[in-house]
Amino acid sequence: MSQRLSTTLITTLLLGVLPSMPVFSKELVLVSAHTANYKPLSSFEVRKIFLGYPVQRANTPLIAIRNKSDKESYQIFLQKVIHLSARNYERRLMSKTFRTGTHTVLAVESLSALRKKLINNKFNVSVMWLDDVVLDSKLKVIQRLWKEDN
């Protein structure tokens, strides 16, 4: 009976403490090299750059890099930032390439490759989880794009 009472007491205490613990939510951010010093982009500009259209800062075009290293972040990027399904997004990129002859938006499959591209050029931008950016002092959050609702 004593064991049962202590188990009940511990369970009650844990259930009482859990609601007061901080809840960590996921945030998707636009990121660049730590040397980037330009202002945040409008949602229209973010969508435009990831569709392959020019957006400039300091008279230099920004270069979008698609982060395909994490399926969940890529799906959220498509739904909440680009507002297109993966299929329609790929079609739009391909169509623009055929119409204009310009290169499509580069896609990177690993965080380490993405990190290298971002660090090498402060005008490269991409989308990452905030947690991944915080761990790297050579990257900088330009702006928050999406936050998980709890």
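## Exercises on helix α2, its surroundings and a nearby loop

N59 sits in the loop that links β2 and β3. We will come back to this loop in the last exercise; the model you are working with is a predicted one.

**Exercise 1.** Find which residues of helix α2 are buried, and work out how they are arranged around the axis.

*Solution.* Start with the span of the helix: α2 covers residues 43-50. Within it, V46, I49 and F50 are buried. Next, look down the axis: these residues cover an arc of only 95°, which puts them on the same side of α2. That fits a general rule: an α-helix has 3.6 residues a turn, so residues three or four places apart point the same way. Now ask what lies over them. The cover includes the strands β1 (27-33), β4 (63-67), β6 (124-129) and β7 (139-147), along with the helices α3 (71-82) and α4 (86-100). Finally, step just past the end of α2, where G52 has a positive phi of about 95°.

**Exercise 2.** Describe how α2 packs against α3, and say which residues make the contact.

*Solution.* Two packed helices are described by the angle between their axes and the distance between the axes. Here the axes come within 10 Å and cross at roughly 130°. An angle over 115 but not over 145 degrees falls into the oblique class, and α2 and α3 are therefore oblique to each other. On the α2 side, V46, R47 and F50 make the contact, while α3 brings F77, V81 and I82. Sorted by class, that gives five nonpolar residues, one charged and no polar ones.

**Exercise 3.** Place I82 in its surroundings, then identify the largest nonpolar core and what supplies it.

*Solution.* Leaving aside residues up to four places away in sequence, I82 touches R47, F50, L51, F77 and Y89. The largest nonpolar core has 28 residues, and I82 is among those with the most contacts inside it, together with L30, F50, F77 and Y89. At least two residues of this core come from each of β1, α2, α3, α4, β6 and β7. The helix that gives the most is α3, with six residues. Apart from this core lies another, of ten residues, including L114, L118, V133 and L139.

**Exercise 4.** Are A58 and N59 buried or exposed, and what is the sign of phi in each?

*Solution.* A58 belongs to the loop between β2 (56-57) and β3 (60-61). Its phi is positive, about 55°, although A58 is not a glycine. The relative accessibility of A58 is 64%, so A58 counts as exposed. For N59, phi is near 60°, again a positive value in a residue other than glycine. With a relative accessible area of 73%, N59 is exposed.

Technical notes:
Residues numbered from 1 in each chain as written. Predicted model: local features only at pLDDT ≥ 70, side-chain atom pairs only at ≥ 80, totals over all residues. Heavy atoms only, no water. Buried < 20%, exposed > 50% of the residue type's maximum accessible area, 1.4 Å probe, protein only. Helix = DSSP H or I, 4+ residues; strand = E, 2+ residues; numbered from the N terminus. Arc of directions from axis to C-beta. Contact = heavy atoms within 4.5 Å. Axes fitted to C-alpha atoms, helices over the stretch in contact; angles between N-to-C directions. Parallel < 35°, antiparallel > 145°, perpendicular 65-115°, else oblique. Nonpolar A, V, L, I, M, F, W, Y, C, P; charged D, E, K, R; others polar. Core = buried A, V, L, I, M, F, W, Y, C linked by side-chain atoms within 4.5 Å.
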